[in-house]
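Grab a pencil and work through these short exercises. Each one comes with a solution you can follow step by step.

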Amino acid sequence: MATFTLITGRAGSGKTAMVMGEIARAVERREKGQLLLIPEQYSHEAEKELCRVCGDSLSLYGEVLSFSRLAACVEEELGIRCCLLDRGGRLLAMKTALHALEGRLKAYSAACRRPEMLSALLELVAELKSDAISAEALSAVAAQEGGPLGDKLSDISLILGAYDSVTARGSADPADRLSRLRDNLSRSSLGRGGHIYIDGFSGFTMQETQVIGALMDKGVDMTLCLTCDGL
């Protein structure tokens, strides 16, 4: 039966030390599949600290990953070839999407002629994807709102949909990677053994929350640390 453990406490209260101690004891017992999921910016330091705590055996029984590195591991296991767009490729994809919508946009009708708007729209698209907001959901809200706000939301819905259509025909947007991870988890071997520890996050995006939910649905043994006094 899968176990889900929730550890709460203020910053510096010992949550990370507790998790690393549990991983070290599992490594001593030679239990494979110990995974520490950590924010990208902290992964290198966490890996060094876990190696110090666990010793040379860590590489055989556990590892430190970010959500994006976890996605890469699952893609590799499933044989999914995923070529990701760089910033230049994303700008070109956005420009192509806007050209396809020429004459249909209201609030963003001049976006294609203003290079700075391309960057702003890419940031907006990345935020929408991080929050798992679809073009269909935006379109529904736009219809309810009406007026100038409705026009703006309708434009954003069209832009997001057109951008997704462009990227679907070639390289993928990195902002979609966690959504693909969520969908791929059921087919991967991740979580069939070992334990997943999630630590170091001050909060989760909707995409990250959905990945955690997919892991829970799969019945993965998991420990989640939250920086708070309690629930």
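**Exercise 1.** How many Å should helix α1 (residues 15–28) span, and how far apart are its end C-alpha atoms?

Solution. Keep in mind that this is a predicted model.
- Start with the count: α1 holds 14 residues.
- Next, take the rise of 1.5 Å a residue over one less than the number of residues.
- That is why the helix should span 20 Å.
- Now check the model: the end C-alpha atoms sit 20 Å apart, so the two values agree.

**Exercise 2.** Work out which residues of α1 are buried, and what they pack against.

Solution.
- Use the cut-off of under 20% relative accessible area for buried.
- In α1 that picks out K15, V19, M20, G21, I23, A24, A26 and V27.
- Then look for their partners: among strands, these buried residues pack against β1 (4–9), β2 (34–37), β4 (195–198) and β5 (222–227).
- Helix partners are there too, namely α2 (43–54) and α3 (58–61).
- Finally, step just past the end of α1: R30 has a positive phi of about 60°.

**Exercise 3.** Zoom out and describe the whole chain.

Solution.
- Count elements: there are ten helices and five strands.
- Get the dimensions: the C-alpha trace spans about 65 × 40 × 30 Å along its principal axes.
- Check burial: 40% of the 231 residues are buried.
- Look at the surface: about 12600 Å² is exposed, with 52% of it from carbon and sulfur atoms.
- Tally charges: 26 side chains are positive and 31 negative, and the centres of the two sets are 3 Å apart.

Methods:
Residues are numbered from 1 along each chain as its sequence is written. This is a predicted model: local features need pLDDT of at least 70, side-chain atom pairs count only at pLDDT 80 or more; totals for chains, interfaces and linings use all residues. Side-chain values use heavy atoms; hydrogens and water are left out. Helices (H or I, at least four residues) and strands (E, at least two) are DSSP runs, numbered from the N terminus. Buried means under 20% relative accessible area, exposed over 50%, partly exposed in between (1.4 Å probe, protein chains only). Accessible areas come from the Shrake-Rupley method with a 1.4 Å probe; for residues, only the protein chains shown count as cover. Lys and Arg count as positive and Asp and Glu as negative; His and the chain ends are not counted. The place of a charge is taken as NZ of Lys, CZ of Arg, CG of Asp or CD of Glu. Contact means heavy atoms within 4.5 Å.
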